Amino acid sequence: MVRVRFAPSPTGFLHIGGSRTALFNWLYARAKGGKFILRIEDTDVKRSRPEYLEEILDSLSWMGFDWDEIYYQSKRFDIYREIAERLLQEGKAYRASPSGTDAEGEEDGTEIEKKQDAIIFKVAQQKVVFNDLIHGEISFDTGVIKDQVLIKSDGTPTYNFACVVDDAAMNINHVIRGDDHISNTPKQILLYQALNFSVPEYAHLPLILGSDGGRLSKRTGATAISDYRRMGYLAEALVNYLLLLGWSPGGNQEIIGIRDAIKKFDIKNANKTAATFDMDKLNWINSQYIKIADTLDLSAALEPFLKEQGLDVSKFSKDYLLSVVKLFQGRLGTLKDFPAWADFFFKDDFVVDPQAKEKYLTRDFSREFKLFVDRLQALEPFDIVTIEQCFRGLLVELGLQSRELIHPVRVALTGKTIGPGLFEVIYYLGKERVGRRLTAWVKQ
RNA sequence: GUCCCCAUCGUCUAGUCUGGUCUAGGACAAGAGCUUUUCAAGCUCUCGGCACCGGUUCAAAUCCGGUUGGGGACGCCA
């Protein structure tokens with residue numbers, strides 16, 4: 001059975017690169033009917049933080065990457081030590097006194113153990129060759145690799161050592177990780193050989209680059225998954241985009257749901273080339289997902305964003321909220337757009353865009369507004385079609401072009417130059433609010 | 001510096017393994033148009049690429065070598 005793992009370190013937030021690694025591991029496990037294991041690499045006691053761990057777990061859950069097992073390296077220090085001692089006894093490792101430069105340790109009294117001998121692995125001169133599922137054969141000459149520290153002077157294990165011990169103990173048979181680990185692979189293989197553990201299959205994913213062609217950083221775009229969530233991206237859209245960054249379902253398909261992806265996914269089709277993260281494409285995919293989303297689900301997803309902007313929708317009916325959401329569904333780029341664009345549907349004290357006012361409400365529309373309000377109040381039945389007939393009838397009588405009155409009315413009702421069709425806006429706002437808002441512009 | 005990885009439109013990619021069907025297809029972005037009630041959306045069109053040089057071959061984006069370019073790794077971080 002396929003057993004893969006994602007091994008984040010709680011020394012920072014889950015970022016784009018890490019989540020893509022998680023995605024490919026998770027997808028591979030689900031496609032093969034295997035297990036997806038989460039291993040928290042919290043051996044660096046000083047830098048690991050519970051809030052980071054919480055954020056990582058939250059982000060993974062949000063994206064839908066459920067794990068079958070979870071382990072914490074900080075609870076396994078005894079195991080690493082035991083294995084290291086074994087290597088020592090077998091003469092494959094040696095002790096070395098702490099290197100002098102380690103001046104830290106005084107600032108906090110929480111350090112586990114004071115200076116002790118480190119345990120170091122002897123790297124033999126040999127050639128290491130492995131077959132990467134994505135890259136094919138990769139070979140290294142270990143002459144360029146120094147002896148490797150297994151257990152540090154503070155008693156904690158190093159990354160490469162803990163990684164090998166755990167991957168073996170947890171029966172991980174496929175290691176899918178970023179390209180930046182390629183150079184760690186020969187070091188780890190040497191350890192597998194020394195320990196008589198069977199070497200797993202490897203698949204090294206290309207890195208995701210920032211718009212400047214370098215490493216993805218805050219400067220070249222947000223990196224934390226939670227930031228994307230806060231910016232109003234749908235989890236499905238972000239996952240879809242990440243999936244496309246390095247893999248293609250073929251057939252010119254761009255929008256692919258996770259269920260479908262599980263059916264079509266094959267790690268062998270993963271790309272070798274590093275991909276540049278492109279916000280434009282993410283935005284497009286997000287808008288596509290918003291467009292096809294179930295309106296009920298969408299309005300639920302919108303709730304925190306409405307709340308954030310102080311818009312209380314609880315005093316409106318569910319049907320009303322749904323109708324308004326539907327009005328904007330086809331034009332939203334992110335969820336965050338909604339409260340900004342639809343605020344006038346939920347409150348009367350919306351801000352009137354000064355530029356909109358300057359452009360369309362320059363002259364006095366008292367006569368037109370008053371006429372329209374009067375007719376609207378008497379309009380029966382009151383629906384989108386009759387509203388439009390009423391409005392256009394008035395235009396003819398006044399000898400006006402539609403644009404000459406539509407824009408001023410829109411600004412008066414919404415405070416904006418952009419938005420859904422005016423007659424829909426009037427319909428959902430209702431006679432009372434439309435009458436009030438237009439009358440406010442009538443000069444006494 | 002040493003070692004490793006990579007190389008198709010500005011970006012993401014299909015095609016490369018199994019040379020011919022590729023005067024290289026799609027998507028995003030950009031530009032133009034249609035529609036029109038604004039902004040979007042939608043539809044149509046345009047722009048734009050096999051990094052370079054050699055080799056193999058009747059035939060190369062596809063195979064081989066080199067060059068150049070980009071990225072990564074060289075911690076008692078993970």
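How many nonpolar, polar and charged residues does the surface near RNA strand B have? In this predicted model, that surface has 23 polar, 20 nonpolar and 16 charged residues.

## Surroundings of RNA strand B

RNA strand B is surrounded by 59 residues. The closest of these are Ser9, Glu41, Lys152, Tyr159 and Ser183.

Several elements of secondary structure each supply at least two residues of this surface. Two are strands, β7 (136-141) and β12 (275-276). The others are helices: α9 (279-292), α16 (402-414) and α17 (422-439).

## Packing of helices α7 and α9

Helix α9, one of the elements that supply the surface near RNA strand B, also packs with helix α7 (residues 235-244). Two packed helices are described by the angle between their axes and the distance between the axes. For α7 and α9, the angle is about 135° and the axes are 9 Å apart. Because of this angle, α7 is oblique to α9. The crossing in which α7 passes α9 is right-handed.

On the α7 side, the residues that meet α9 are Glu236, Ala237, Asn240 and Tyr241. Their counterparts in α9 are Lys281, Leu282, Ile285, Asn286 and Tyr289. By class, this contact has 5 nonpolar, 2 polar and 2 charged residues.

## The parallel sheet

An open sheet of 3 strands has the order β1-β2-β3, with parallel pairing. Strands β1 (3-6) and β3 (69-72) stand at the edges; each has a single partner strand, so one side of each is left without a neighbour in the sheet. On average, neighbouring strands of this sheet are turned by 25° against each other, direction ignored.

Strand β1 is joined to β2 (residues 35-40) by 4 bridges, and the two run parallel. Within this pair, Leu38 in β2 stands opposite Phe6.

## The antiparallel sheet and helix α3

Another open sheet of 3 strands follows the order β4-β5-β8, and its pairing is antiparallel. Its edge strands, β4 (93-96) and β8 (148-151), each pair on one side only. Neighbouring strands here are turned by 40° against each other on average, direction ignored.

Between β4 and β5 (residues 118-121) there are 4 bridges, and these strands run antiparallel. Ala96 has Ala118 in β5 as its bridge partner. Helix α3 (residues 77-89) lies across β4, β5 and β8, and runs at about 125° to β8.

Definitions and conventions
Residues are numbered from 1 along each chain as its sequence is written. Chains are lettered from A and ligands numbered from 1 in the order in which they are written. This is a predicted model: local features need pLDDT of at least 70, side-chain atom pairs count only at pLDDT 80 or more; totals for chains, interfaces and linings use all residues. A residue is near a molecule or strand if its C-beta atom, placed from the backbone, lies within 6 Å of it. Ala, Val, Leu, Ile, Met, Phe, Trp, Tyr, Cys and Pro count as nonpolar, Asp, Glu, Lys and Arg as charged, and the others, Gly among them, as polar. Axes are lines fitted to C-alpha atoms, for helices over the stretch in contact, and angles run from 0 to 180 degrees between N-to-C directions. Angles under 35 degrees count as roughly parallel, over 145 as roughly antiparallel, 65 to 115 as roughly perpendicular and the rest as oblique. A crossing is left-handed if the near helix is turned anticlockwise from the far one by less than a right angle, and right-handed if clockwise. Two residues are in contact if their C-beta atoms, placed from the backbone, lie within 7 Å. Two strands pair if DSSP finds at least two bridges between them.
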